[in-house]
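I opened this model to look up its pocket, two residues and its nonpolar cores. My notes follow in the order I made them.

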Amino acid sequence: MRKEYNPTSIELIHGDITKSEVDCIVNAANTSLLGGGGVDGAIHRAGGSEILEQCKQIRARQGGCAVGEAVITTAGKLNSKYVIHTIGPVWNDGKNNEEEKLQSCYINILELACKHNIRSIAFPNISTGIYRFPKIVAAQIALKSVKNYIELHSAIDRIQFVCFDEENYQIYQKMLEESGM
Ligand code: ADP
């Protein structure tokens, strides 16, 4: 699915984000920045050791990355220039500002992308795997944060939402149709 919104093109992909051909791939990492399971493991496997080396340098400088924040590295062997690593919140009954923290992830990623003149970016469904964030709420936050951002800034030409699992793909398809994006 592909739509035009403001000057930005929005694409919905059902598949593996490591195959995306964009300036920047977003990683749903953990606070250690040392790799893990899910999309994090897939990005480090496909991108090679250069990504981990840069993550280690960031750790040495600032001691990892906090929930809701984002850091940038090379994309190593991926078909991209950069990986932006964000740390999504773990869902714990929704009473620990999980929604605000997930929104911060998207905002911080987009601001960092803008600083690096990134024109195309692919997002996974942050926090909806091992971190158990409810998928519908996570998709609402993702779309709203991105929509608000691109309404105010025209720097990004192309945004991909990459859904690995069928459930997220169906949710995004429905929401994108309804949202007017
Ligand atoms: P988190 O810890 O933030 O929940 P996960 O990696 O467990 O991170 O899951 C985040 C989302 O990434 C999930 O929706 C999962 O289905 C998806 N995912 C897993 N592997 C890939 C991949 N190779 N490409 C895109 N999305 C992926």
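The entries below go from the pocket to two residues and then to the cores.

**Entry 1: the pocket.** I note at the start that this is a predicted model. I looked up the largest pocket and found a volume of about 530 Å³. I listed 26 lining residues, and the closest to the pocket centre are Ala 28, Gly 38, Val 39, Asp 40 and Gly 129. I then checked which elements supply the lining: strand S3 (24–29) and helix H1 (38–47) each give at least two residues. H1 has the largest share, with four residues. Sorted by class, the lining holds eleven nonpolar, twelve polar and three charged residues.

**Entry 2: Thr 74.** I went next to strand S4 (residues 70–74), where Thr 74 is found. Is Thr 74 buried or exposed? Its relative accessible area is 16%, and buried means under 20%, so I wrote Thr 74 down as buried. I also looked at where its side chain goes: the side chain of Thr 74 reaches the backbone nitrogen of Gly 76 at 3.0 Å. Setting aside residues up to four places away in sequence, I found Thr 74 touching Glu 50, Ile 51, Gln 54, Lys 81, Tyr 82 and Val 83.

**Entry 3: Lys 81.** Since Lys 81 is among the residues that Thr 74 touches, I looked it up as well. Lys 81 lies in the loop between S4 and strand S5 (82–87). I recorded Lys 81 as exposed because its relative accessibility is 52% and the cut-off for exposed is over 50%. Beyond its neighbours within four places in sequence, Lys 81 contacts Val 22, Asp 23, Thr 73, Thr 74 and Ala 75. I also took one distance: Lys 81 and Leu 152 are 25 Å apart, C-alpha to C-alpha, and 71 residues apart in sequence.

**Entry 4: the cores.** Which residues have the most contacts inside the largest nonpolar core? In this core of 37 residues I found Ile 121, Phe 123, Val 146, Ile 159, Phe 161 and Tyr 172. The elements giving two or more residues to this core include strand S2 (8–14), S3, helix H3 (98–115) and helix H4 (135–152). H4 provides the largest share, eight residues. I checked Val 146 more closely: leaving aside neighbours within four places in sequence, Val 146 is in contact with Tyr 106, Leu 110, Phe 123, Ile 159, Phe 161 and Met 181. I also noted a second, separate core of 17 residues, with Ile 25, Leu 33, Val 71 and Leu 78 among them.

Note on methods: Residues numbered from 1 in each chain as written. Predicted model: local features only at pLDDT ≥ 70, side-chain atom pairs only at ≥ 80, totals over all residues. Heavy atoms only, no water. 1 Å grid on protein atoms, 1.4 Å probe; cavity = no way out; pocket = protein on both sides within 12 Å on 5 of 7 lines; lining within 4 Å. Points joined across faces, edges and corners; volume = space filled by probe spheres on them. Nonpolar A, V, L, I, M, F, W, Y, C, P; charged D, E, K, R; others polar. Buried < 20%, exposed > 50% of the residue type's maximum accessible area, 1.4 Å probe, protein only. Polar contact = N/O pair within 3.5 Å; in protein donor to acceptor, adjacent residues only side chain to side chain. Contact = heavy atoms within 4.5 Å. Core = buried A, V, L, I, M, F, W, Y, C linked by side-chain atoms within 4.5 Å.
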